[in-house]
Amino acid sequence: MSTQEIIYDVIGLGFGPANLAVAGAFVDRAGRPPVVPLSKILFIERQQRFEWHPGMLLPGARMQINFLKDLATLRSPQSEITFVSYLHSQNRLLDFINRGSNFPTRKEYSDYLAWAARLVQEKGVTIAYGENVVGVGEKDTKTIEVQSIVLSTGERVARLTKNLIVSSGGEPRIPKPLESIQGQRGRIIHSSTYLMSVETLLKSLQCENLGGRSLRIAIVGCGQSAAEVTLELHSRLQSVTHAGEDNHTLDMIIRKGSLKPSDDSPFSNEIFNPDGTDVFFGVRSSSARQRIRKEYANTNYGVVNPQTLERLYEVLYEQKLDDGIYKRTGCSTPKEIPRINILPYSEILSAVVRNPVGRQGGGNEQPGPITVIMQHALTHQVYQKVYDAVICATGYQRKHWLQLLASSSIGKYFDLDSEAQQDVRLAVETELGERGMAGSMFELADHIADEDNSGGDTPSTGFSTQTTPQSSVGDRPPKRLKTVHISRVYRLVPKPQDSKESLEARIYVQGIAEETHGLSDTLLSVVSVRAGEIVDDICAGLSHDVGAPRAP
């Protein structure tokens, strides 16, 4: 393992929009005391180059936020990495104005982010692409060691830093009933890899489908990604030929009674304002914060942009029109037009892959169709459907930061160990003083209230594990969660130590603090302001360490 001698002022894990905004904030303040040399700022990214949700850059798909909520404008409109600066550099500023929309396409926003990533590199920030972080540890109380593996060579690299920013994003969430068969030769994919996987998926299905029958594909989820994937597949399948009279079929499996529109009204959007974060963080009770998250869940979770809903409804209306014409005249719908069905109140109980009939034997056979067992949430009727493939538009889980710390020597400062990688909650730092029996009782009461109110902040994805009517919070002992405290500026707060030594190196997190900082934490709405707050806190800490402005 190679160890770099330099001690970085900042190492960031991941280089998506959150850490890119941090890099931009450092670039913008370059030269101001306390001076932080850009050469002592490093970000480690697993991908070989900058990419942002490449699997969902669907043709024509638009952003859901105003272009001014970019990497820098709300923090500093004069910044070099604003979306307006990007447009000006590409000679498209007037064209964008003439376009008459405040919402760029996802394709253009992705290009903007890649442009900004190149700009901060040119300014002197180092990005270690193609490396996977495998561990962190305590070098001493003031220094954290970050270990990574260079994916192209397998070389292990160790680096030291005074400040660590964990912004590793979310990992695709697959419904539990489908997890055990997820590796079935690409028949189950997550929407995050849709564009990279769908063409290969359809080609493999055509190769296996020697009879040329029509395909049946399930899309699990009721949010924006599920609706967009359904519409894109509806268009794509029209060029996939098949024999027989049946059309290709797309089933949207949703847990709700219907697809719901996202609330994009101006008053509701104020929950994403930076001062909304102040208000949310200042709420004393975690159960009260949970109620706020539940109240505003329809701004983001399990909902679809109204324009996308209209497009989807138009397709379904056209189907009904064609069905009516067929009943009256006998003229059927062209078989190249796929059918879309929405299966409401559907909960996936289990799934199994069956080997195709006649292909028993050796170990190289392609897996057969997927049998999905479902239950209607209202009637409790259990039924099954068979699919050639399943696409899960079921959101993300954000546990990487916890796994990283809990398995490290740093975990002891936050009362974390390898057994605490799931049962952990975030709490505001003011709760750290509520120790003793009173503090424990408040924490336990808040957690019970959280369980009673659960569901509002979880993406409604059309799946669940099987439950019984008798199951309730009151039937089992309350689960005691370990608590990790976080400051308003996203810095994890070590617990008081019995020994004189405590962790002086600082650890910041982005994109995982919805419990304490509100719904905007996982979104793009506050990345610019949040980056400025983190950078200011880092600089204040570095200034305190040396006691005077630093030279470059």
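A residue is termed buried when its relative accessible area is under 20%, exposed when over 50%, and partly exposed in between (1.4 Å probe, protein chains only). By this definition Asp251, with a relative accessible area of 0%, is buried. The structure described here is a predicted model, in which local features need pLDDT of at least 70 and side-chain atom pairs count only at pLDDT 80 or more, while totals for chains, interfaces and linings use all residues. Residues are numbered from 1 along each chain as its sequence is written, and side-chain values use heavy atoms, with hydrogens and water left out.

The protein chain contains 15 helices and 22 strands; helices (H or I, at least four residues) and strands (E, at least two) are DSSP runs, numbered from the N terminus. Of the 552 residues in the protein chain, 51% are buried. The area exposed by the protein chain is about 25900 Å², and carbon and sulfur atoms supply 50% of this area; accessible areas come from the Shrake-Rupley method with a 1.4 Å probe, and for residues only the protein chains shown count as cover. Contacts, defined by heavy atoms within 4.5 Å, frequently span long stretches of sequence: among those between residues at least 6 apart, 76% join residues at least 24 apart.

Helix α4 was examined in detail. The expected span of a helix is 1.5 Å times one less than its number of residues. For the 18 residues of α4 (residues 106-123) the expected span is 26 Å, and the end C-alpha atoms are 26 Å apart, which agrees. The buried residues of α4 include Arg106, Glu108, Leu113, Trp115 and Val120. Among the elements that cover the buried residues of α4 are α1 (17-28), α2 (83-89), α3 (93-99), β4 (126-129) and α7 (224-236). Gly124 follows α4 and has a positive phi, near 125 degrees.

Aromatic residues were considered next. A pair of aromatic rings is described by the distance of the centres and the angle of the planes. Rings of Phe, Tyr and Trp (its six-membered ring) pair if their centres lie within 6.5 Å; planes under 30 degrees apart count as stacked, over 60 as edge-to-face and the rest as tilted. The structure holds 14 aromatic pairs. The ring centres of Phe15 and Phe43 are 5.2 Å apart and the planes stand at 40 degrees, so this pair is tilted. Because Phe15 lies in the loop between β2 (10-13) and α1, and Phe43 in strand β3 (residues 41-45), the pair ties together parts that are 28 residues apart in sequence. Both Phe15 and Phe43 are buried. Tyr109 and Tyr112 form an edge-to-face pair, with 5.3 Å from centre to centre and 65 degrees between the planes. These two tyrosines, Tyr109 and Tyr112, are three residues apart in helix α4 and therefore separated by about one helical turn. Tyr109 is buried at a relative accessible area of 1%, and Tyr112 is buried at 0%. One aromatic cluster is formed by Trp52, Phe67, Phe83, Tyr86, Phe96, Tyr109, Tyr112 and Trp115.

Side chains of opposite charge can pair when their charged atoms come close. A salt bridge is counted where a side-chain nitrogen of Lys or Arg is within 4 Å of a carboxyl oxygen of Asp or Glu, and the structure holds 24 salt bridges. In one of these, the closest N and O atoms of Arg216 and Asp251 are 3.0 Å apart. This pair links distant parts of the chain, with Arg216 in strand β11 (residues 216-220) and Asp251 in strand β12 (residues 249-253), 35 residues apart. Arg216 is partly exposed, at a relative accessible area of 27%. A further salt bridge joins Glu431 and Arg289 (3.3 Å, N to O). Here Glu431 lies in the loop between β19 (424-428) and α13 (436-452), and Arg289 in helix α10 (residues 286-295), 142 residues apart. Glu431 and Arg289 are both buried. In addition, Asp278, Arg488 and Glu533 are linked in a network of salt bridges.

Trp401 is located in helix α12 and counts as buried, at 8% relative accessibility. Not counting residues up to four places away in sequence, Trp401 touches Val166, Leu426, Val484, Leu492, Val509 and Ile512. Trp401 and Val166 are 235 residues apart in sequence, yet their C-alpha atoms are 6.6 Å apart in space.
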